[in-house]
Structures are given as C-alpha cells and as structure tokens.
Amino acid sequence: MLYREAGDFKTSYTDDGQTFPIKFDRIGYYVALIVAFAIVPFVINDYWVNAIFLPFLIYAIAAIGLNVLVGYCGQVSLGTGGFMAVGAYACYKFMTGIDIWIGGVQYALPPINIFFSVILAGFVTAIVGVLFGLPSLRIKGFYLAVATLAAQFFLVWLFNKWSWTYNYSASGQISAPERGMFGVPVTGPNTEAWATYLFCLVFVVVLALIARNLTRGSVGRKWMAIRDMDIAAEIIGVDPLKAKLSAFAVSSFYVGIAGALFFSVYLGAVEVGEAFGIQKSFLVLFMVIIGGLGSIFGSFAGAAFLVLLPVLLKNVLVSGLGWPTDLAAHLEFMIVGALIVTFLILEPHGLAQLWRVIKEKLRLWPFPH
Amino acid sequence: MSVNDNEPYVTADGRKIGGVLMEMKNITLRFGGVKAITDISFDIREGEIRAIIGPNGAGKSSMLNVISGFYIPQEGEVWYKGAPRPQMKPYEVAQQGIARTFQNIALFEGMTVLDNVMTGRLNHMKTGLLAQAIWKGKAQAEEVENREVAEKIIDFLEIQHIRKTPVARLPYGLKKRVELARALAAQPSLLLLDEPMAGMNVEEKEDMSRFILDVNDEFGTTIALIEHDMGVVMDLSDRVVVMDYGKKIGDGTPDEVRNNQNVIDAYLGVAHD
C-alpha cells in the first residue's frame, strides 16, 4: 500500500531523475544511512567488523568498480585481483613514503596521510587500468577476458619480483604501519572496530554516490550504448576509445581503492599471490554477476551474498549442528557453489532483478494486477 | 524554374529549399574485386527530402554508409557544407551533424526509451567526468536542459506513454519510431533514414510518412532516405536518385524519374537480345 508512485507527482525533470523516485525507497535509504553511521559503530565488535562489515564494504567497492566495466560498459575483465594489488601496493608506497630518482638524484617523498594514500592509490590503479584496457579497442568478449587475465598474472608477478614495491622487505610481504585520521588509528595492530568500519563506510558511501551519478548521466549512457551495440553507439557520436578507456579508468579507480583498503585496513599485511590471486578476480566477478550486471544495488547485494553466506554456513554447521570444522569448511565450498548455480538458473539477472520484480509486485499489492 | 538549379526555391507546399548541403563527387567504392558503387555523383540540398532508390543490391545502403563514414570510398570526394570532408570516423561524422537510422533497428536494448533518446543528445553534452561525479550543478543543469529537448522529440513522435519502458519490450513499429526519435534528438543538419518503413503495415507506413514530412516541415531537417515502397517514395521526396548495379541511372523529381526509360527498364526488366 505504501510502496507506489501513484499520487506522488513529479513536476520537474530534476525530481523525475532522482535516484529514488518512490518515497518509500527514499525513506529506506535515509534510514539505512542513519543506521550505518549512527548506530552500527556503537554496537559492533572486532568479530563483526572483521568477519562481516569490512569485507562487505570493501568488496562492495570492488564490485561497483567491476560493475562499471562489465555491467555498464560491457567489457569483461578478469584482472580485478591484479588491479586490487596495484591499489594495495600503491597505497603501501604512499603511506610509507616513496623514494624516487629523477636524473640520478634521489628524492624522498614524505609519507602521505592514509586517507589521501588510498585515494592516490585509486588514481595510480586507474592509470594502470587504462593501459591494460587498451586492447579492448580491438578485441571483445572472451578474447578481452583472456587479455585482462594477462594483466592479472603480470601484475602479481611484478609485485613478487620488483622489490622496490615492497620496500625490499625480506619476506616479500607488505605490512601496513600504524596510520590514522584525527589521531585515531585506522591501520596497524591497534585499531578500534568502529574506526576501521567508519573509515571504509565513508569511502563506500561517497563512491557509491559517485557511481550512481556517473551512470545516470551522459558518461553512463555512453558506456551503456557501447555495451548494447557498439556500432550504433559510434553512429550517434560516441567515441569508442574514450568511452571504453573512461570505463576502465573509473572501474580501476574503484578496484584500486578497494585493494588499498583491503590491504591497509582489513588485512594489515599481504603477500601478493595469496591475497590478490586469480581467485579474487573470480570472486568479485561472481559478486557482480550474482548481484546483477548494470546495477549499483546489485553490487552491494552480490558482495553481501558472497561475504555473508560462508559466515552464515560456518555458524550453522559448526556452532549450530556441531560438525567438525574441517568437514564444515569443505562442505561450505560445495554448498556455496551449489547455491550460486541454483541461483543463477532461477534468476540469471541476479539479485538486483529479483529486487526489481519484488518492487513491481509491491507496487500493485494487495491487488493481483 | 528547374529544381536542378542551385538557386534556393520554395516548393509547392511552401517549404524552403536552400543551397547544396552535401555533394557526392564521383564516388567509387570497391570491396576487393566487387564494385559496390561506380562513379556516382549527386547532391543533397538543404531542407529537401532526397530519396535513394534502386533494386536489391544496387548499392543504396553502401552509399548511406559512405555518407555516414562507415565505408571509405576508394575514389571520389564527399563535400559537406561547402568543403571537402576529410576522412573521418563514424562518430566524427555524427558530431558534424549527420544522424541516421538503420535498416535493421540498432537501438540500445538494455536501456529505456527515454535513455535511448537521450543518447541522441550525447553530442550536445559536454560536462566532464568530474562535474558528472559531483552531479549537483553543472551536470544536473545540462541533463535537465537536454532532457527538455529529448522530451520535445518524444512528444513530437507521440511516444510519451512508453518513455520509461525498456526498448527490448517494444513492438517493431514503435522501435522504428524510437530509433527515429534518437536520431532527431541530435538535431541533425542531415538525417539519413535507411528503409524507415521496412516491414511495416499500411497504417504504420502512413504514420511514419507523416512523421517524416512533419520533421522536414517543422524542423527544416534535410532528409536522405532509402525506401522500397515506390508509392511512398514518389509522394514524400522532392528529388530521387535511382541506382542499379552500383551505377546512377536516374536523378530528378519523382515525375522525371518515373518517366525515365532506364529506370523503367531497371525495375520492370528489359529484354536482352
């Protein structure tokens, strides 16, 4: 009864183009924001943050980023893990201070504030993403996916071999020193749950808003035009080079920020092959597909689904049914896999489509037609 | 006065026809050994409806593809707005004010009708990535401004009721109309229509003919169209180019063309001895 647009007349194009045209959605959105910012930080503890909130928020950023590329622009990428690694290592270099040589003279940049390190890491990843996006001008579909796979393996190899990137540490790992904002540490061993949570939440909210703004305007239409029919896009005046590369840049920016947060705030120390391997690329791609291609909400839903499901299963199997942990761990893989397959057969367009169908039904409720 | 002079004139129904907008000069297009177009020259004048007709395989669509930049002719020049056009990509041609529709609809199926029409405005939307990320202010103002133009076109073509419907759900006739709307939204100087009435029933053809005439009349848009329905072509167009086997066999007003012996031979066939 509440969920409908009837009687809610829009009198300007600005109103008509807003993110949540239905009042009920708008209220829901504000409530979610208030809960996320004003209630959750006071009630969470380390377990909740590390098992659920941080991975959910960070993967949501990565999923939005990949969705821009795959869902909106139609360019398949399997290089997400590699691009996350670029973000992580760039962030590490920025937060520990970069030494660079110009004309044989060494200059040492001072360490940069963690907040700006993360953003700069995004920009660095955007540049790398554009470079690896160049083949997309010539190749499409599966072939492009294979080309981005090359990026994945090359980047992981690079961060293994190029010792400058991990500050010549003996283990080859990078570990985040303690850094903070306004005197509150958000990286390193002495962080508080609420601080890391809020730090990531700010990034998620701002980046999601930006993604929404980009996808509803002319840039987003260019991407979607390229996705739906590249020849027709070109005939109406879309430069495919600019459209595809801007999608790669924006997408990699998001993925880079996700990688930076994943390393600095969530894990604290990473070894590149382990943290940013090919399985990470697939994980984020699954999130995008299960959540729904071409939907910001879908990116959140997909990230939530794949982060929460294993945690939920573990709790049910180990704590609930009392199974041994090793058995549960293996079964967990099978069940998650089976659920993904079942789910994709039942709803190939993902959680976002499911949500759309529910909304259509809600609009008519309680009447059948 | 003959319509083949380059002087501006006014048609019987009161539309103003101006000077030459586009001129094809000795265009030859080859695909390997196959000559799709052989040494064809004709012009399109401002404000007129110009038809290109001919039997199947005559090279009409190839001609349209040359104009819109898909094909680069091996010989000849395309003159546009009084100057020879350098070799350019299709999107650059579009940015010069040439819009087109396709024989088999080329809409963006995943987007709504409104979004499809708005893509026609992309050449007029200039805000950068950063301004759009912020949205409030410049990007939003531009969006609203262009939405107004798009809505006028939607209104004009009577597709308001399907504004928010995904294109994939529409029937064929409406898709054709949406495609026309997208091309019109660009406010082109030259509009190319590749078989706008293919696969339509009589009623839909009548609607489409009316829209084409209205577009030409109301916006003064120059239109070049390919069409197979002779009745429609003769009624709509000011001048007709007839092609057969890649060669031009006739050019002139519908009446002139109708009485041209070469054209009659091409359409009805002629005894070879």
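Let's start at a small spot in chain B: Y80(B) has A83(B) as its bridge partner in β7(B). Keep in mind that this is a predicted model. Y80(B) and A83(B) sit where β6(B) meets β7(B), two strands that run antiparallel and are joined by two bridges. The hairpin they form has two residues between the strands, and K81(B) there takes a positive phi near 50 degrees.

Now step back to the sheet around that hairpin. It's an open sheet of four strands in chain B, with the order β4-β3-β6-β7 and antiparallel pairing. At the edges stand β4 (34–45) and β7 (83–84) of chain B, each with a single partner strand, so one side of each has no neighbour in the sheet. As a reminder, strands of a sheet pair through backbone hydrogen bonds, either parallel or antiparallel.

Walk across from β7(B) and you can follow the pairings one by one. Past the hairpin, strand β6 (residues 75–80) of chain B runs antiparallel to β3(B), and five bridges join the two. If you want a landmark here, look for M24(B), which stands opposite V78(B) in β6(B). Carry on to the other edge, and strand β3 (residues 20–31) of chain B pairs with β4(B) over eight bridges, again in the antiparallel sense. The landmark for this pairing is V20(B), with R45(B) of β4(B) opposite.

Next, see where the two chains touch. On one side there are 26 residues of chain A, in contact with 30 residues of chain B. In chain A, α1 (13–16), α7 (193–216), α8 (218–228) and α9 (230–235) each supply at least two residues of the touching side. The one that gives the most is α8(A), with eight residues. Sorted by class, the side of chain A that touches chain B comes out at 12 nonpolar, eight polar and six charged residues.

Finally, turn to the nonpolar interior. The largest nonpolar core has 172 residues, and the members that touch the most others are I58(A), I61(A), A62(A), A88(A), Y254(A), I257(A) and L261(A). Helix α10 (residues 240–267) of chain A gives the most to this core, with 17 residues. Chain B has a share in the core too: at least three residues come from each of its domain 1 (1–97 + 188–273) and domain 2 (106–187). For a close-up, pick I61(A). Leaving out residues up to four places away in sequence, I61(A) touches F203(A), V204(A), L207(A), Y254(A), I257(A) and A258(A).

Terms used
Residues numbered from 1 in each chain as written. Chains lettered and ligands numbered in written order. Predicted model: local features only at pLDDT ≥ 70, side-chain atom pairs only at ≥ 80, totals over all residues. Core = buried A, V, L, I, M, F, W, Y, C linked by C-beta atoms within 7 Å. Buried ≥ 20, exposed ≤ 12 C-beta atoms within 10 Å, placed from the backbone. Domains from an automatic or database assignment. Contact = placed C-beta atoms within 7 Å. Pairing = 2+ DSSP bridges. Nonpolar A, V, L, I, M, F, W, Y, C, P; charged D, E, K, R; others polar.
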